[in-house]
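Student: Please take a close look at one part of this protein and explain how it is joined to the rest. I would like a connected account rather than a list.

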Amino acid sequence: MENTEYEIDLKEIFHMLQKKWVLITGITVSALIISTIVSFFILTPIYEASTTMIVNYKQNQESVMTYNDLQTSQKLVATYTEIIKSERILDEVINKLNLELSSKELINKITVSQVGQTEILKLTVKDEDPELATLIANTISKVFQEDIGQMMEVDNVSTVDIAKVPEDPTSPNKMMNIAIAGVLGLVISVGLVFVLEFLDRTYKTPTDVERHLGLPLIGAIPDMLLEQGK
């Protein structure tokens with residue numbers, strides 16, 4: 001009976017990988033080349049422009065802000081986050097800039113978040129055009145500050161930093177993509193080698209016969225004789 005359960009030591013693994021080095025190298029290099037082409041020539045660069053605003057609950061500058069006032073300001077930040085993403089604000093921005101976008105398409109380009117536990121709102125806009133991303137971010141900030149006064153009869157939002165035109169794209173991360181592709185290519189190629197080795201039931205050396213069948217080797221036919229018999 002064939003004994004299919006046997007241990008493979010490190011030397012055998014190394015020898016197995018060494019025999020298939022062309023396959024491993026080929027798959028790994030192919031993954032690197034494909035990733036490079038996709039990252040540099042196919043994927044569209046995306047730029048991010050960000051502006052920050054601060055929410056102040058206290059309107060009287062001479063008064064001292066208490067802890068409760070700070071808590072109230074932080075709660076207002078959460079409310080204002082949703083208002084910024086409302087159709088009212090976004091539709092007005094679209095009209096001002098004559099954007100060929102719907103409010104739903106525009107909301108997919110923006111992210112509004114609270115900076116830590118502060119009263120600061122961060123508005124980020126992503127777009128293929130860095131100048132357009134900057135323009136949208138600053139316009140949303142301006143429209144929001146104008147409209148919030150009408151909606152809630154307050155004037156407690158002011159700009160901390162205006163958005164500036166980004167010089168470098170945030171995605172794709174080309175070097176990261178290439179590195180990941182190289183690792184994946186190596187892992188896949190090594191895994192494929194193990195699968196092929198597992199599916200290969202032929203015995204190529206006297207050691208294979210002894211290990212798999214558990215029988216002593218009586219003799220072997222040299223390759224030269226096999227070639228003469230053909």
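Tutor: What follows is an account of helix α4 and its surroundings in a predicted model.

Helix α4 covers residues 87-97, and within it I89, L90, V93 and I94 are buried. These four cover an arc of only 135° around the axis, which puts them on the same side of α4. The spacing fits a general rule: an α-helix has 3.6 residues a turn, so residues three or four places apart point the same way. After the helix comes N98, which has a positive phi, near 55°.

The next topic is the nonpolar core. The largest one has 28 residues, and Y80, I84, I140 and F144 are those with the most contacts inside it. Helix α4 is among the elements that give two or more residues to this core, along with β1 (47-55), α3 (67-84), β2 (110-114), β3 (120-127) and α6 (130-152). The largest share, seven residues, comes from α6. Y80 can serve as an example of the contacts made across the sequence: leaving aside neighbours within four places, Y80 is in contact with V55, L121, F144, I148, M152, V154, N156 and V157.

Helix α4 also has a charged link. The side chains of R88 and D147 meet in a salt bridge, at 3.6 Å from N to O. R88 lies in helix α4 and D147 in helix α6, so the pair ties together parts that are 59 residues apart in sequence. The two partners differ in exposure: R88 has a relative accessible area of 40% and is partly exposed, whereas D147, at 3%, counts as buried because the cut-off for buried is under 20%.

Other salt bridges can be set beside this one, the count being four. One of them joins the side chains of K85 and E82, at 3.8 Å from N to O; K85 is partly exposed, at 26% relative accessibility. Another joins K126 and E48, at 3.6 Å from N to O. K126 lies in strand β3 and E48 in strand β1, so this pair ties together parts that are 78 residues apart in sequence. K126 is partly exposed, with a relative accessible area of 38%, and E48 is also partly exposed, at 28%.

To return to the helix: α4 has its buried residues I89, L90, V93 and I94, gives two or more residues to the core, and holds R88, whose side chain meets that of D147.

Key: Residues are numbered from 1 along each chain as its sequence is written. This is a predicted model: local features need pLDDT of at least 70, side-chain atom pairs count only at pLDDT 80 or more; totals for chains, interfaces and linings use all residues. Side-chain values use heavy atoms; hydrogens and water are left out. Buried means under 20% relative accessible area, exposed over 50%, partly exposed in between (1.4 Å probe, protein chains only). The arc is that of the directions from the helix axis to the C-beta atoms. A nonpolar core is a set of buried Ala, Val, Leu, Ile, Met, Phe, Trp, Tyr and Cys residues joined through side-chain atoms within 4.5 Å. Contact means heavy atoms within 4.5 Å.
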